Amino acid sequence: MESVYSTLTYWLVNHPNIANFTWTEGETLGSTVFFVSGVVTAYLSATFLLRHVMVSLPSLGPRILKPITAVHSLILCLLSLTMAVGCTLSLASSSDIVPSHPTARFFRAICLPMDVKPSGPLFFWAQVFYLSKILEFGDTLLIILGKSFQRLSFLHVYHHAVVVIMCFLWLRTQQSMFPFGLVANSTVHVIMYGYYFLCAVGMRPKWKRLVTDCQVLQFLLSFAFGGWMFQEHVFGSGCSGFWACAFNGVFNASLLALFFNFRSKNYANKTRLDTWAEMVKDVGKKAIRSKKTD
Ligand SMILES: CC(C)(COP(=O)(O)OP(=O)(O)OC[C@H]1O[C@@H](n2cnc3c(N)ncnc32)[C@H](O)[C@@H]1OP(=O)(O)O)[C@@H](O)C(=O)NCCC(=O)NCCSC(=O)CC(=O)O
């Protein structure tokens, strides 16, 4: 166990490329306002144009689309896992935190000191997370190519566009709360892309609602910890990137409202008991079927 921990810590925290990483505006990949505005504009224009072009074209059949979707979702699932573990280990091994302070490492995930420099493992993972959000544009492309236009919702396009701006601000303003946001969102995305992967390989899981509940939970937790950060910023020693945190808070609030709407439309008449009953029924049916074939 000890050797797994030290191997992971070397490759995800102490490797020279990670430990010596520095985010420099204009030098690091994607680090300019021009880049982020260009990427978001290109995403929105391409989505709008392709959506209209595809109406008159045939959809790519499931034979082509499903394997591509499966590979795309699997890559994002594994990348999310790597980012969640990498960022957690980076927090756990921050050498500048006094080890005797029990909550100090957790506190670092919520409030970064005012003079923090955008360098080291935490900022390395923020940069990977930022670039991964551009990779997530593939979700939209797959939806459009498959002509599943009902899934091209406002929630989907709004989330994919604004999340890139949010991540850029994390880096540019050395925003407090980003380590928490990164670990929470990557963990949720392990489950979400795991769900999408299973759907793409034809094994539609029964726990779709759990995925949505985890997404809602991450936003609720961000408000709870945001309150803590706010009081530390106002009454304590201050937290870096406070105004970007406010932007992040408004974005999270809008997503929370959209997710409550999604929840009420998708799971309206189903109680948790109904979902469990369906799962048990399904397992029963499978058992009977396999007995018959024996
Ligand atoms: C359970 C959810 C994750 C997804 O709900 P949906 O109603 O979209 O899910 P669904 O049951 O229709 O999904 C199954 C279908 O998605 C296809 N699919 C597979 N991989 C995919 C991918 N990477 N991107 C988009 N679609 C994909 C499958 O092949 C399958 O198609 P077929 O049906 O043909 O077999 C939900 O909680 C949710 O997030 N809904 C909002 C929609 C959305 O775009 N979410 C992601 C961005 S928001 C986000 O990510 C917030 C966050 O940060 O947490």
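Here are a few notes on the two biggest pockets in this predicted model.

1. Start with the largest pocket, which comes out at a volume of about 1200 Å³. Its lining runs to 42 residues, and if you want to centre a view there, Ile143, Arg151, His156, Tyr196 and Phe262 are the ones nearest the centre.

2. Quite a few helices feed that lining. Helix H4 (62-92), helix H7 (137-145), helix H8 (154-172), helix H9 (178-200), helix H10 (208-235) and helix H11 (242-266) each put in at least two residues. H9 has the largest share of the lining of the largest pocket, with eight residues.

3. On chemistry, the lining of the largest pocket splits into 19 nonpolar, 17 polar and six charged residues.

4. Next, the second largest pocket: its volume is about 420 Å³. It is lined by 28 residues, and Met177, Ser222, Asn248, Gly249 and Asn252 sit closest to its centre.

5. Which helices build the second one? At least two lining residues each come from helix H6 (121-135), H8, H9, H10 and H11. Here H11 gives the most, eight residues.

6. By class, the second largest pocket is lined by 17 nonpolar and 10 polar residues, plus one charged residue.

7. One thing to keep in mind when you set up a grid: H8, H9, H10 and H11 are among the helices lining the largest pocket, and these helices also turn up in the lining of the second largest pocket.

How values were computed:
Residues are numbered from 1 along each chain as its sequence is written. This is a predicted model: local features need pLDDT of at least 70, side-chain atom pairs count only at pLDDT 80 or more; totals for chains, interfaces and linings use all residues. Side-chain values use heavy atoms; hydrogens and water are left out. On a 1 Å grid over the protein atoms alone, a cavity is a set of points where a 1.4 Å probe fits but cannot get out, and a pocket is an open set with protein on both sides within 12 Å along at least five of seven lines; lining residues have an atom within 4 Å of a point. Grid points are joined across faces, edges and corners, and a volume is the space filled by probe spheres set on the points. Helices (H or I, at least four residues) and strands (E, at least two) are DSSP runs, numbered from the N terminus. Ala, Val, Leu, Ile, Met, Phe, Trp, Tyr, Cys and Pro count as nonpolar, Asp, Glu, Lys and Arg as charged, and the others, Gly among them, as polar.
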